[in-house]
Amino acid sequence: MEATIGDHICLRGNAVGHPDKHGEIVEVHGNRGEPPYLVRFDDGQTRLMFPGPDAVISHIPVPRRGD
């Protein structure tokens, strides 16, 4: 799993009644984009985490100069 600052992460609810959690990666502590990640969730909480297999990272494209 690799991420960059600004990517979005979704932690899928793994049981009935547990909703998905969405957040933005604000720090990447691994050398090559690997975890742990500091994530700011939609509810305002910030957590340092090693995402599990239920996590999905959405890479946000970086606009190029001149576009």
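**Fold.** I started with the secondary structure of this predicted model, and the count came to zero helices and five strands. Reading along the sequence, I got the pattern β-β-β-β-β. I then took the extent of the C-alpha trace, which spans about 45 × 25 × 20 Å along its principal axes. Of the 67 residues in the chain, 28% count as buried. For contacts with a separation of 6 or more, I found that 39% join residues 24 or more positions apart.

**Core.** Next I looked up the largest nonpolar core and got ten residues in all: Ala3, Ile9, Leu11, Ile25, Tyr37, Val39, Phe41, Met49, Ala55 and Ile57. Strand 1 (8-11), strand 3 (37-41) and strand 5 (55-58) are the elements that give two or more residues to this core. Which strand gives the most? Strand 3 does, with three residues.

I picked Val39 from that core and listed what it touches, leaving out residues up to four places away in sequence. Val39 touches Ile9, then the run Gly23, Glu24, Ile25 and Val26, and further along Gln45, Thr46, Arg47 and Met49.

**Arg47.** Since Arg47 turned up among the Val39 contacts, I checked it too. Arg47 lies in strand 4. Buried or exposed? Neither label fits: Arg47 is at 35% relative accessibility, and buried needs under 20% while exposed needs over 50%, so it counts as partly exposed. With the same sequence neighbours left out, Arg47 touches Lys21, Tyr37, Leu38, Val39 and Phe41. I also took a C-alpha to C-alpha distance from Arg47 to Pro19 and got 17 Å, with their positions 28 residues apart in sequence.

**Salt bridge.** How many salt bridges does the whole structure hold? My search found one. The side chains of Asp20 and Arg12 make it, at 3.0 Å from N to O. I looked at the accessibility of both partners. Asp20 is partly exposed at 34%, and Arg12 is partly exposed as well, with a relative accessible area of 42%.

**Pocket.** The largest pocket holds about 180 Å³ of space. I listed its lining as Leu11, Arg12, Gly13, Asn14, His18, Pro19, Lys21, Gly52 and Asp54. By class, the lining residues divide into two nonpolar, four polar and three charged. Two names on the lining list were already in my notes: Arg12, which is in the salt bridge with Asp20, and Leu11, which belongs to the largest nonpolar core.

Gly52 was the lining residue I followed up. Gly52 lies in the loop between strand 4 (46-49) and strand 5, and with a relative accessible area of 27% it is partly exposed. How far apart are Gly52 and Arg12 in space? I got 9.8 Å from C-alpha to C-alpha, for two residues 40 apart in sequence.

**Backbone oddity.** Last, I went through the peptide bonds. Most peptide bonds are trans. The one from Pro35 to Pro36 is cis, with omega near 10 degrees. I placed Pro36 in the loop between strand 2 (21-28) and strand 3. Strand 3 is also the element I had noted as giving the most to the core.

Methods
Residues are numbered from 1 along each chain as its sequence is written. This is a predicted model: local features need pLDDT of at least 70, side-chain atom pairs count only at pLDDT 80 or more; totals for chains, interfaces and linings use all residues. Side-chain values use heavy atoms; hydrogens and water are left out. On a 1 Å grid over the protein atoms alone, a cavity is a set of points where a 1.4 Å probe fits but cannot get out, and a pocket is an open set with protein on both sides within 12 Å along at least five of seven lines; lining residues have an atom within 4 Å of a point. Grid points are joined across faces, edges and corners, and a volume is the space filled by probe spheres set on the points. Ala, Val, Leu, Ile, Met, Phe, Trp, Tyr, Cys and Pro count as nonpolar, Asp, Glu, Lys and Arg as charged, and the others, Gly among them, as polar. A salt bridge is a side-chain nitrogen of Lys or Arg within 4 Å of a carboxyl oxygen of Asp or Glu. Buried means under 20% relative accessible area, exposed over 50%, partly exposed in between (1.4 Å probe, protein chains only). A nonpolar core is a set of buried Ala, Val, Leu, Ile, Met, Phe, Trp, Tyr and Cys residues joined through side-chain atoms within 4.5 Å. Helices (H or I, at least four residues) and strands (E, at least two) are DSSP runs, numbered from the N terminus. Contact means heavy atoms within 4.5 Å.
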